[in-house]
Amino acid sequence: MNQGLFNQDWPRILDLLAQHVQLSFAALGLGLLVALPLAILSARNRTVAGVTLGFAGLIQTIPALALLALFFPLLLALSAVFGDAISPLGFLPSLLALALYALLPILRNAITGLRSVEPAMVEAADGVGMTSLQKLWLVEAPLASPTIMAGVRTAAVWTIGAATLSTTVGQPSLGDLIFAGLQTQNWSLVLAGCIAAALLAISVDLLLGVIESGIRWRKHLRIWLAGVALAAGLALALWPAPSPDRPVVTIGAKRFSEQYVLARLIGRRLEAAGYEVRYREGLGSAVVFRALATDEVQVLVDYAGTIWTNEMQRQDPEPRADMLAEITRWTNAQHGVRVVGPLGFENTYAFAVRPDDAKRLGLRTLDDVVRVAPQFVFGTDVEFLERPEWQMVQAAYPLRFKGRRSFEPTFMYRALSLGEADIISAFSSDGRIAANRFVVLDDPRGAIPPYDAILMVSRSAARDARLVEALEPLVGAIAVEKMREANYRVDRDDNKQSPADSAAWLDRMLRTPSQGKTP
Amino acid sequence: MAPTAPFPSTLCAHGPAVAFEGVSKHYGSVVAIDAVSATILPGTFVAIVGSSGSGKSTLVKAVNRLVEPDAGSVRIDGQDVLEREQHELRRSIGYVFQNIGLFPHMNVAQNIGIGSRIASRKPLPDDQVAALLDLVDLPRDFATRLPEQLSGGQQQRVGVARALAGEPGLMLMDEPFGALDPVTREALGEQYRALHERLGLTTIMVTHDMAEALLFADRIWVMASGRIVADASPAEMIAGQCGPEAEALVAVPRLQADRITAMRNMQPQP
């Protein structure tokens, strides 16, 4: 399969670029709207300056990813009060977080600029009889504007860069390419995302730089030309895409290969059924179900144990069938979400060790690990240690590891084979377990709940009989071997496939179940 | 030369009287001006001299309320300056100061017209700008130049034109020519004195140069430690009955003049 840098899905990249531009311009605009009045107050009052700069500086110390994530619970609480007008996902949290991020450079430069206006200018402005507003508008602001513009440029570059992270809270951006590429080790996709974001940042910075020099040297033509160019870029980004005459369905996906593949498989089926399909990929585990519940995505594959523990807050193990029935009832009652059905395979947490360790130390179950844990480094994905499943495992097995390390899932398997970790919380449907001959340990105490992949649709999609009908053939159709193979096609190092290609292969396999599983 | 609107629109003496009544100003424990009472007759050119820190700048700024006194009042034609809005008051008074303060992002015409712009949102008509440039002896095509393209002396001429643009009766000048070279300074001083006469202005000029005060002013106030210690005409100053502070200040240019005369006398005659 060709995954070259220049052989990308250009319409998608352009669409993401447009969304990226909308988001970062809006955030920059909001940042300016808040920062400039604060800067004017701060330039006149040292106490106010201390507070505003302190606050903006504090914001800057919060990693952008965390800042984005922090808005989720905040907006969730607000949406409980104000209803659906406030969405805890997507544009709003991204806008707020990025605008906060833009505050510091704008504030700092604007305060410096306003304070460095010469006393003679202020005396002259007072002397000719300007009111304080006239003084600000006619003298202080124009004289400070080159410095202010320098701050705006810094803020613009930061905002455009940080906007790639908004993917994680469900706002489409160029980060979609980066996160998807990172997960599937499709480096040309990562590069495409990075280069597009960098080009955008550089162009905006250049244009703002032209405006800055125009202000500094009083070349009004320059200011106008660059301003028009920026406005034209924004107008292009806002230009509504031709609305499809077919109904639109948005499919959500979390941040690992299986999710990307399944999203594309579902997408193929829905396209065949006459739907226009959009993808909202790279969502964090915490936000993905929320996106379905709020109807921002209409179709999603999630895992029984995840819904059970994270959404329903249950820790009591139940038999598989009862659990599915309970989940079906609960999601429908609570969020109007309809469970179409299980896909037929499970992707549970599978504790895996290297084969030589398993043989040498006689490791077959998690009970055996308790013995060797003090010599073992535990490698996990970034969220496992915070998940209830880990508490449930710890309650059943007294595991005291020598150390813990978190990895993106892709790197977790590498870490185990390279000896950076000695045991990992792998995913049972991941093709790399078998490919590396890792040994999966049994869970004799049944600490980990079942993780059947279940296909769910949102409230609005549940009412669409044709859509549900198009998805129903997938229920119970995907054996774990096929899913592993499909995942491995994306994850393997040689002859990698894109999730879309792997999904096409899987689709063919599902339609001709009698054929062998490897071409 | 293109015809210009007459400037000012009325060519009669319209400079107001100014009166200080017990005006005091403290900065912390430092007394800047100490219960100053004095009056200025309409159309008078008053020079205030004194050493640094004697309070002369503070006294002048109390007139257009760049400084708000702690006590006492300043009256212009009998009206307390506190009765008027700060910015309204300032628009009716010409103000020229040592640092000139031309706005660097505005050209000469915009600088001269700033009073009109802030008072009525209208730029000053071109012919009035031209008339003001004529008045301060600058070429009319300077109107479109930026301040940075002018010499210091030219800049201060624009500063004077800007102060005169609102047709004030009262001009406050805080060491207006202090930063200029002596030749430019002499020329500007001379020309300003002529303008003062022609426009019938009342002028209060702060200077640290007694020679300038003696040559251009009608009356000279000598300040020391926040008080006016002498109030006399230039002739009385030179006659030397105005107290030790005034005498010390007058002595400087007199001594310089004497020495220069002596040097000239020592030149070998051809």
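In the predicted model, the centres of domain 1 and domain 2 of chain A, taken over C-alpha atoms, are separated by 37 Å. The contact between these two domains takes 18 residues from domain 1 of chain A and 20 residues from domain 2 of chain A. On the domain 1 side, helix α7 (residues 175-183) of chain A provides the largest share, five residues. By class, this side of domain 1 of chain A comprises seven nonpolar, 10 polar and one charged residues.

The domain assignment of chain A places domain 1 at residues 10-238. Domain 2 is made up of residues 248-347 and 451-511, and domain 3 covers residues 349-440.

The UniProt record, an unreviewed entry, places the feature "transmembrane region" at residues 20-41, 53-79, 85-107, 150-169, 189-211 and 223-241 of chain A. Two of these spans were examined in the model. Residues 20-41 of chain A are 100% helix and 0% strand, with end C-alpha atoms 32 Å apart. For residues 150-169 of chain A, the end C-alpha atoms lie 30 Å apart, and the span is 65% helix and 0% strand.

The association of chain A with chain B was considered next. In this contact, 15 residues of chain A meet 14 residues of chain B. Helices α5 (119-127) and α6 (132-162) of chain A each supply at least two residues of the side of chain A that touches chain B. The largest share of that side, six residues, comes from α5(A). Its composition by class is eight nonpolar, four polar and three charged residues.

Buried nonpolar residues were then grouped into cores. The largest nonpolar core has 195 residues. Those with the most contacts inside this core are A:Leu98, A:Ala102 and A:Leu107 from chain A, together with B:Ile48, B:Leu132, B:Ala161 and B:Val222 from chain B. Helix α4 (residues 91-115) of chain A accounts for the largest share of the core, 14 residues. Within chain A, domain 1 (10-238) and domain 2 (248-347 + 451-511) each contribute at least three residues to this core. Another core, of 23 residues, lies apart from it. Among the residues of this other core are A:Ala350, A:Phe351, A:Val353 and A:Val369.

How values were computed
Residues numbered from 1 in each chain as written. Chains lettered and ligands numbered in written order. Predicted model: local features only at pLDDT ≥ 70, side-chain atom pairs only at ≥ 80, totals over all residues. Contact = placed C-beta atoms within 7 Å. Helix = DSSP H or I, 4+ residues; strand = E, 2+ residues; numbered from the N terminus. Nonpolar A, V, L, I, M, F, W, Y, C, P; charged D, E, K, R; others polar. Core = buried A, V, L, I, M, F, W, Y, C linked by C-beta atoms within 7 Å. Buried ≥ 20, exposed ≤ 12 C-beta atoms within 10 Å, placed from the backbone. Domains from an automatic or database assignment. UniProt positions renumbered as here; feature names shortened; annotations may be inferred.
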